[in-house]
Amino acid sequence: MQEIKCPKCGEVFQVDESGYAAIVKQVRDKEFLQEVKNREEQFESDKESAIQLAKLETEKQYSEMINKKEAEIALLKNEVATELMNKKVAISESVAEKDREILELKNKLATLNADKELELAKIINEKNAILSEKENSINQLRAEKALTEKECQLKEQSVKEQYETELRFKDEEIARYKDFKARLSTKMIGETLEQHCEIEFNKLRATGFKQAYFEKDNDAKTGSKGDYIYKEFDENGGEFISIMFEMKNEADTTSSKKKNEDFLKELDKDRREKKCEYAVLVSLLEPDSELYNTGIVDMSHRYEKMYVIRPQFFIPIITILKNAALNSLEYRKELAVIKNQNIDISKFEDAMNDFKDKFSKNYELASKKFRLAIEEIDKTIDHLQKTKEALLSSENNLRLANNKAEDLSIKRLTKNNPTMEAKFAELNAFNKKNKK
């Protein structure tokens, strides 16, 4: 209980805890609200005073700022006026300077135009001088051309006269040759052609035909013979080319004119009998034939390795056939090497075939034994299969026995057996007694 004294009458009375708390709360709330109200009034008063003070301060600052800006504006106006005055003075000076520069440029332009006119006149004079020089050069070249043409005409005339002179000499030489041929007998003409060919060959024997044999064919055992036989040998003394030569000529006044083909069959026969590789007919027959006058004529379509030539192709035909034989000699050597290689290859093939035969026999024996082994394995597999089936059958019987064992129980064992029933009954009673 709490005692409360009345402030007016001084009477003291008691109140419980809840009443006392209510009275205290009432007094405290009233004082708090009064204090809040007082504080609000004081805050409003202070707020108004601050606002008035801030307004006065702001107005003062604004007034000072305006005065300062006005002073700055006045100062800027003065600076701008001064700057404009300076710009006007500078522009006036610049205009005056530009006018002076323009005047100077005009004077320079006038001077430059005068110099250009003088330079242009000088260039024109130089070009005129060059044109004059060119015209002089052209005239000089024309004169040289005319002189050259005249010299060419003179040279052409000189060459023509020289050619006519040589042609006349040739005609005279031909006439002398025809007269010489007319005065020779047929035998003398033939011997003269043979001597010509032999002389031509002997001129080159020491340089181009050191290993060569070139002699008359004096062997007439077979009833006929050629004129010359040419043979050549390599460094080992082996013959690599042989040629049978026949020389034929006749006088222009001979009544019965012979042809080259009349001697080809006999020449081919002599070549074969003397075992020569080639046959060449050196002929002056048919002097107007375009076929024989063009060069070396190959007659292989009529007779094997047969040629007909004029005397001027005697040395060239030997050279051509010799070079061909040298090439074939290289091929023959390579062929011999290849042949030896083929022999080695054939021996290798024989050895390989022998190996194949022996391997085949061994393979057959092994294959036979392999088949026997497979048959034995098949038999073993059949035996194992039967054993497997027997084991599977035993497994089935064991499974049935296991099922029967699992079905076995106490009731089945004691069924229709009084003794066993009595024993199990005693055992159950004993177990129950021990548990208690």
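**Exercise 1. Find out whether E200 is buried, partly exposed or exposed in this predicted model, and describe its salt bridge.**

Step 1. E200 has a relative accessible area of 26%. Buried would require under 20%, and exposed over 50%. E200 is therefore partly exposed.

Step 2. The side chain of E200 meets that of K203 in a salt bridge, with 3.3 Å from N to O. This satisfies the cut-off of 4 Å. K203 has a relative accessible area of 56%, so K203 is exposed.

Step 3. Both residues belong to helix α2, and they are separated by about one helical turn because they are 3 residues apart.

Step 4. As a general point, side chains of opposite charge can pair when their charged atoms come close.

**Exercise 2. Describe where the salt-bridge partners E101 and K98 lie, then do the same for R302 and E261.**

Step 1. E101 and K98 form a salt bridge of 3.8 Å, N to O. Both are in helix α1 (residues 17-183), 3 residues apart, which is about one turn of the helix.

Step 2. E101, at 32% relative accessibility, is partly exposed. K98 is partly exposed too, at 45%.

Step 3. R302 and E261 also meet through their side chains in a salt bridge, at 3.4 Å from N to O. This pair links distant parts of the chain: R302 is in the loop between β7 and β8, E261 is in the loop between β5 and α3, and 41 residues separate them.

Step 4. R302 is partly exposed at 41% relative accessibility, and E261 is partly exposed at 43%.

Step 5. For the whole model, the count comes to 14 salt bridges. D268, R271, R272 and E304 are linked in a network of them.

**Exercise 3. Which residues of helix α3 are buried, and what covers them?**

Step 1. Helix α3 spans residues 264-273, and its buried residues are L264, L267, D268, D270 and R271.

Step 2. These residues cover an arc of only 160 degrees around the axis, so they are on the same side of α3.

Step 3. The cover over them includes β5 (239-248), β6 (278-283) and β8 (306-309).

Step 4. The loop between β5 and α3 holds N260. N260 is buried, because its relative accessible area is 0%. Its contacts beyond four places in sequence are L281, S283, L285, E286, Y292 and V308.

**Exercise 4. Describe the largest nonpolar core and the contacts of V280.**

Step 1. The core has 25 residues, and those with the most contacts inside it are Y230, F245, V280 and F314.

Step 2. The elements that each give two or more residues to this core include α2, β3, β4 and α5. The largest share, 7 residues, comes from α5.

Step 3. Leaving out residues up to four places away in sequence, V280 touches I243, M244, F245, E246, L267, Y307, I309, I317 and L321.

Step 4. Another core, of 13 residues, lies apart from the largest one; I229, C276, A279 and Y303 are among its members.

**Exercise 5. Where do K275 and K305 lie, and what is the sign of their phi angles?**

Step 1. K275 is in the loop between α3 and β6. Although K275 is not a glycine, its phi is positive, about 55 degrees. K275 is exposed, with a relative accessible area of 72%.

Step 2. K305 is in the loop between β7 (297-298) and β8. Its phi is positive, near 55 degrees, and K305 is a residue other than glycine. At 28% relative accessibility, K305 is partly exposed.

Conventions
Residues numbered from 1 in each chain as written. Predicted model: local features only at pLDDT ≥ 70, side-chain atom pairs only at ≥ 80, totals over all residues. Heavy atoms only, no water. Buried < 20%, exposed > 50% of the residue type's maximum accessible area, 1.4 Å probe, protein only. Helix = DSSP H or I, 4+ residues; strand = E, 2+ residues; numbered from the N terminus. Arc of directions from axis to C-beta. Contact = heavy atoms within 4.5 Å. Core = buried A, V, L, I, M, F, W, Y, C linked by side-chain atoms within 4.5 Å.
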